[in-house]
Amino acid sequence: MLLCPLCNKQYEPGTRRCSSDGRRPLPAEVIEAAQGDPMLGTTVADRYVIVGRVGSGGMGTVYRAEQQGMGREVALQVLRKDLGRDPDTAASFHREARTLSQLKHPNTVTVFDFGQTPDRLLFLAMELLEGEMLSSRIKREGPLDVLYAIKAARGVLRSLDAAHARGIVHRDLKPDNIVIAKVHGSVGEDSEVVK
């Protein structure tokens with residue numbers, strides 16, 4: 001079952017838009033996970049409508065958002081409000097986001113946009129990945145097959161190599177920050193890529 005994140009109208013799987021408000025219906029568990037989050041349903045920077053919550057960490061929260069005008073779903077990282085109030089932190093965020101947005105590599109999440117709202121909320125819009133965290137895969141399946149682990153490590157190392165070539169150090173590399181993303185093929189076959 002799918003639910004509209006704004007009006008909670010129920011829809012069958014495969015429904016693309018809510019008939020009441022045009023939002024994309026999401027799985028019920030996505031909506032339920034975001035209940036009580038004041039950001040759900042709000043618009044950030046006049047272009048990103050938050051339609052679900054993906055996860056949160058020490059620096060902020062990652063949301064599923066729809067980029068208006070483009071009709072594209074993105075992962076929108078919104079940093080804690082207190083971080084945007086500090087001018088040094090905000091300047092550092094802008095420098096790092098600008099550099100990250102220039103990284104183009106198949107094993108690196110693509111950064112589309114970043115900025116700061118008038119009320120000093122820092123945000124980063126990125127490619128929305130379908131898949132699961134490496135940590136979830138390990139918890140579910142146990143130790144990885146050796147050949148798969150080598151393949152995954154190579155993907156991570158290629159991404160890090162591209163970042164290091166631009167002077168970027170990740171600083172928080174862990175299984176929770178590695179996603180095994182599904183990539184849809186042109187002939188209907190799906191494959192996985194480590195991001």
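Gln 67 is buried in this predicted model, with a relative accessible area of 9%. Its place is in strand E6. If we leave aside residues up to four places away in sequence, Gln 67 touches Arg 47, Tyr 48, Arg 72 and Val 74. The cover extends to much of the strand: six of the eight residues of E6 are buried, so E6 counts as mostly covered.

**The sheet around E6**

Let's step out from Gln 67 to the strands on either side of E6. E5 and E6 run antiparallel and are joined by seven bridges. Within this pair, Val 49 has Glu 66 of E6 as its bridge partner. The connection from E5 to E6 is a hairpin with three residues.

On the other side, E6 and E7 are also antiparallel, with eight bridges between them. Here Arg 64 has Ala 75 of E7 as its bridge partner. The hairpin of E6 and E7 has four residues between the strands, and in it Gly 69 takes a positive phi near 85 degrees.

How do these strands fit into the sheet order? Six strands form an open sheet, ordered E4-E5-E6-E7-E9-E8, with antiparallel pairing. At its edges are strand E4 (43-44) and strand E8 (111-116), each of which pairs on one side only. As a general point, strands of a sheet pair through backbone hydrogen bonds, in either the parallel or the antiparallel sense.

Further along the order, strand E7 (residues 72-79) meets strand E9 (residues 122-127) in an antiparallel pairing of five bridges. Val 74 stands opposite Glu 127 of E9 in this part of the sheet. A helix joins the picture here too: H3 (residues 87-101) lies across E7, E8 and E9, and it runs at about 165 degrees to E8.

**Two nonpolar cores**

Which residues touch the most other members of the largest nonpolar core? Of its 13 residues, they are Met 39, Val 44, Tyr 48, Ile 50, Leu 76, Val 78 and Phe 123. Strand E5 (48-56), strand E6 (60-67), E7 and E9 are the elements that give two or more residues to this core. E7 gives the most, with three residues.

Ile 50 makes a good place to look more closely. Not counting residues up to four places away in sequence, Ile 50 touches Met 39, Leu 40, Gly 41, Thr 42, Val 44, Tyr 63, Arg 64, Ala 65 and Leu 76. There is also a second, separate core of eleven residues, which includes Leu 79, Phe 93, Ala 97 and Leu 122.

**A network of charged side chains**

Now for the charged groups. In general, side chains of opposite charge can pair when their charged atoms come close. A search of the whole structure finds twelve salt bridges. Glu 132, Arg 137, Arg 140, Glu 141 and Glu 192 are linked in a network of such bridges. Salt bridges among these residues include the following.

| Acidic residue | Basic residue | Closest N to O distance |
|---|---|---|
| Glu 132 | Arg 137 | 2.6 Å |
| Glu 192 | Arg 137 | 2.7 Å |
| Glu 141 | Arg 140 | 2.7 Å |

Glu 192 lies in strand E12 (residues 190-194) and Arg 137 in helix H4 (residues 134-141), so their salt bridge ties together parts that are 55 residues apart in sequence.

Is Arg 137 buried or exposed? Arg 137 counts as buried because its relative accessibility, 9%, is under 20%. Glu 132 is buried as well. Glu 192, at 34% relative accessibility, counts as partly exposed, whereas Arg 140, at 51%, counts as exposed.

**Cysteines without a disulfide**

How many disulfides are there? The count comes to zero. A disulfide is, in general, a covalent bond between the sulfur atoms of two cysteines. Cys 4 is in no disulfide, and the nearest cysteine sulfur, that of Cys 7, is 3.6 Å away.

Why is the sulfur of Cys 7 not bonded to that of Cys 18? The sulfur of Cys 18 is the closest cysteine sulfur to that of Cys 7, but the 3.6 Å between them is too far for a bond, because the cut-off is 2.5 Å. As for their surroundings, Cys 4 counts as buried at 0% relative accessibility, while Cys 7 is partly exposed, with a relative accessible area of 35%.

Definitions and conventions:
Residues are numbered from 1 along each chain as its sequence is written. This is a predicted model: local features need pLDDT of at least 70, side-chain atom pairs count only at pLDDT 80 or more; totals for chains, interfaces and linings use all residues. Side-chain values use heavy atoms; hydrogens and water are left out. Two strands pair if DSSP finds at least two bridges between them. Contact means heavy atoms within 4.5 Å. Axes are lines fitted to C-alpha atoms, for helices over the stretch in contact, and angles run from 0 to 180 degrees between N-to-C directions. Buried means under 20% relative accessible area, exposed over 50%, partly exposed in between (1.4 Å probe, protein chains only). A nonpolar core is a set of buried Ala, Val, Leu, Ile, Met, Phe, Trp, Tyr and Cys residues joined through side-chain atoms within 4.5 Å. A salt bridge is a side-chain nitrogen of Lys or Arg within 4 Å of a carboxyl oxygen of Asp or Glu.
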